[in-house]
Amino acid sequence: MPELPEISVIARQMDKEIAGKRILEIEVKQPKTLNIPVPQFIETAKGKTINKVTSKGKWIFVKLDPEHLMLINLGMGAQLLYFMPSTKLPEKYQFKLTFSDKTGFTIHFSWFGYIHLIPESETAKHKQTAKLGISPLSEEFTLEHFRKLLGRRKAGVKGFLLDQKNIAGIGNVYMQDILFKAGLHPNRKISTLTEAEIKDLYKAIQDILGHSVQLGGLVYETDFYGKKGRLTMDEFLVGYKTGEPCRACKTPIEKIKTGTTSSYICPKCQTLE
Ligand SMILES: [Zn+2]
């Protein structure tokens, strides 16, 4: 499942490749991924020019001139692939957008996903993106901002970080190593964090996510050009490594249940106290 690093890699590549291009044709094979009827979607988007492509959390924001937004969510894993006139199209896709220069992109959803089209003036009314919290890789995400966000909450640190209204884009995959790197148990209460622990957690979020972006994301996700990321499972510190020795103290890594999700921790490096 793509998380923030994979999505931001794709959004950056899209921006580089398609900004300035004009939409010529749209093909929709799965109408339920749209928020409006297919004819309305096509009529609205056709002829519009891509202004820029950005991302927030797990959403890709495609700004269309003059005043629309195409919001794409790849769900549990999907391929969003660029094509050129000479490229052989993938066998399966649910959505195809072609530009006037005959380049374009296809989307193949593996389970669910969304392609929403809204007037920019209704951004605040779009339920799934309006309440997204800050992006942890944005310049606005400072230590000061993070400290304020945490406040004196009673919640556990993992629950807080998973809540997309607080910080957008950290899912269960990168969570494991973020918490290990910060030396925090997933259920550790935010109100008990010391100033040093808050700093370590802030740094761990940026380090783990930033490292993945640099490598183009996870090896089992593909980018806009169909290229796999270079972050392999071997590079995970504790995630999905049940029974393997902790890199810091050699204690076997444990898989524990935390709320509705699983966590991988070193029981010695990540205690609840
Ligand atoms: Zn350890």
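**Close-up views of the predicted model**

**View 1. K102 in its loop.** K102 is partly exposed, with a relative accessible area of 47% (partly exposed lies between buried, under 20%, and exposed, over 50%; 1.4 Å probe, protein chains only). This is a predicted model, in which local features need pLDDT of at least 70 and side-chain atom pairs pLDDT 80 or more, while totals for chains, interfaces and linings use all residues. Residues are numbered from 1 along each chain as its sequence is written, and side-chain values use heavy atoms, leaving out hydrogens and water. Look for K102 in the loop between β6 (95-99) and β7 (104-109) (DSSP runs numbered from the N terminus: helices, H or I, at least four residues; strands, E, at least two). Although K102 is not a glycine, its phi is positive, at about 70°. Most residues other than glycine have a negative phi.

**View 2. The zinc site.** Four cysteine sulfurs hold the zinc ion: the SG atoms of C246, C249, C266 and C269, at 2.2 to 2.4 Å (donors are N, O and S atoms within 2.8 Å of the metal, or 3.2 Å for Na, K and Ca). The angles among these four donor atoms run from 101 to 112°, making the site tetrahedral (all angles between 85 and 135 degrees). Along the chain, the donors are spaced as C-x2-C-x16-C-x2-C. Distant parts of the chain are linked here: C246 sits in the loop between α7 (195-214) and β9 (254-258), and C266 in the segment after β10 (261-265), 20 residues apart. Both C246 and C266 are buried.

**View 3. E244 and Y240, in the loop between α7 and β9.** E244 belongs to this loop and, at 39% relative accessibility, counts as partly exposed. From E244 to C266 there are 22 residues in sequence and 9.7 Å in space, C-alpha to C-alpha. Y240 is found in the loop between α7 and β9 too. Y240 has a relative accessibility of 34%, so this residue counts as partly exposed. Like K102 in View 1, with its positive phi, Y240 has a positive phi, here about 60°, without being a glycine.

**View 4. The cis peptide at P66.** D65 and P66 are joined by a cis peptide bond, with omega at about 0°. P66 lies in the loop between β3 (59-65) and β4 (68-73).

**View 5. Stepping back to the whole protein.** Seven helices and ten strands are present. The C-alpha trace spans about 60 × 35 × 30 Å along its principal axes. Of the 273 residues, 51% are buried.

Methods. Four donors count as tetrahedral if all angles lie between 85 and 135 degrees; four count as square planar and six as octahedral if opposite donors are over 155 degrees apart and all others between 65 and 115; anything else is irregular.
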